[in-house]
Amino acid sequence: MTSTTTPSLPRLPDEIHPHQEESDTHQQPNENEPLLGRPGDAIQRPNAPMYRNLYLGTGILSQTGLLLLLLSILIPLLTHHPLLPLLVPHPILQLTGLLVATEAILLLQPTTKSLPLAKTRAAKFHAWLHLLSFLLFLSGTVIIETNKHANKLPHFHSVHAYLGVATVSLLGLQYLFGFTIYVTPSVWGGEEKAKKVWKWHRYLGYGVLLMILATTGSAAWTDYVKGQLGVSRVGVVLGVVLVAGGVFPRIQLGKLGLREY
């Protein structure tokens, strides 16, 4: 009688094999385990195109939320008459900034140290996209403050206004923080010491994203949006929740220092 053996399934770096038992994935947590879900649920695969990171796992929820926010705010804004030249650019720039910042996060999240070239490439795009988002947010803030000054309106009269200025300020610090760690690690005492503070850049980044989303959501309660544009609060709140619901479950515990990485 001839006996046969079943060959073991090959295991790719940072990838849970599709035929692996589900119970095994829970018994063997690793550094690539996401905040919610199983290890490998939101990990960039070898040879996978980088754009796939944008909708991998729960990323599709974020894309849906961004689309909902754009439709909920821009349609009432652009169909409202008269169009105010110093007001219309503000929400357009801020929404574009949110879009760019979210895509920057989604692009880098699934990368791992086992695929260093893919991680480095995504990190470069991440940095440039965040620089663009910061410039968009800053431009939108300058425009709305110019509008208030030109029309002799109070500069800080709502939660949205306070959140907006605080968020732009933190975003600038966050970009500077990440830039010095990645480009000039000597500021932190060398590359090894810079790596040790990298997780705090991630913590701060996710905190700033929450502030951006809170600022976006609070816009639906401002006097102008509430009184004249007729923006759907349900659409705005649902969009904000979907964006957060797509980003945060994909957080790799190892990158936050909650698993060996």
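1. A residue counts as buried here when its relative accessible area is under 20%. Keep that cut-off in mind for this predicted model: of the 261 residues in the protein chain, 44% count as buried. The accessible surface of the chain comes to about 14400 Å², and carbon and sulfur atoms own 68% of that area.

2. On to the fold. The protein chain has eight helices and zero strands, so there is not much to puzzle over in the order of elements, given how helices and strands are assigned from DSSP runs. Read along the sequence, the pattern is α-α-α-α-α-α-α-α. As for how the chain packs, take the contacts with a separation of 6 or more: 72% of them link residues 24 or more positions apart.

3. Next, the record. An unreviewed UniProt entry carries the annotation "transmembrane region" for residues 54-79, 91-108, 128-147, 159-183, 203-222 and 234-251. How do two of these spans look in the model, 159-183 and 234-251? Residues 159-183 are 96% helix and 0% strand, with the end C-alpha atoms 36 Å apart. Residues 234-251 come out at 78% helix and 0% strand, and there the end C-alpha atoms lie 27 Å apart.

4. Now the part you may want to look at on screen. The largest pocket has a volume of about 1100 Å³. It is lined by 43 residues, and the closest to its centre are Leu108, Tyr182, Trp198, His201 and Arg202. Helices H3 (89-108), H4 (116-150), H5 (159-182) and H6 (191-218) are the elements that give two or more residues to this lining.

5. Which helix gives the most to the lining of the largest pocket? That would be H6, with 12 residues. By class, the lining of the largest pocket splits into 23 nonpolar, 11 polar and nine charged residues.

6. One residue to click on is His90, which is found in helix H3. Is His90 buried or exposed? Its relative accessibility is 14%, and because the cut-off for buried is under 20%, His90 counts as buried. Setting aside neighbours within four places in sequence, His90 is in contact with Gly140, Thr141, Ile143, Ile144 and His160. Helix H4 runs over 116-150 and helix H5 over 159-182, if you want to place those partners along the chain.

Terms used
Residues numbered from 1 in each chain as written. Predicted model: local features only at pLDDT ≥ 70, side-chain atom pairs only at ≥ 80, totals over all residues. Heavy atoms only, no water. UniProt positions renumbered as here; feature names shortened; annotations may be inferred. Helix = DSSP H or I, 4+ residues; strand = E, 2+ residues; numbered from the N terminus. 1 Å grid on protein atoms, 1.4 Å probe; cavity = no way out; pocket = protein on both sides within 12 Å on 5 of 7 lines; lining within 4 Å. Points joined across faces, edges and corners; volume = space filled by probe spheres on them. Nonpolar A, V, L, I, M, F, W, Y, C, P; charged D, E, K, R; others polar. Buried < 20%, exposed > 50% of the residue type's maximum accessible area, 1.4 Å probe, protein only. Contact = heavy atoms within 4.5 Å. Areas by Shrake-Rupley, 256 points an atom, 1.4 Å probe, with all protein chains shown as cover.
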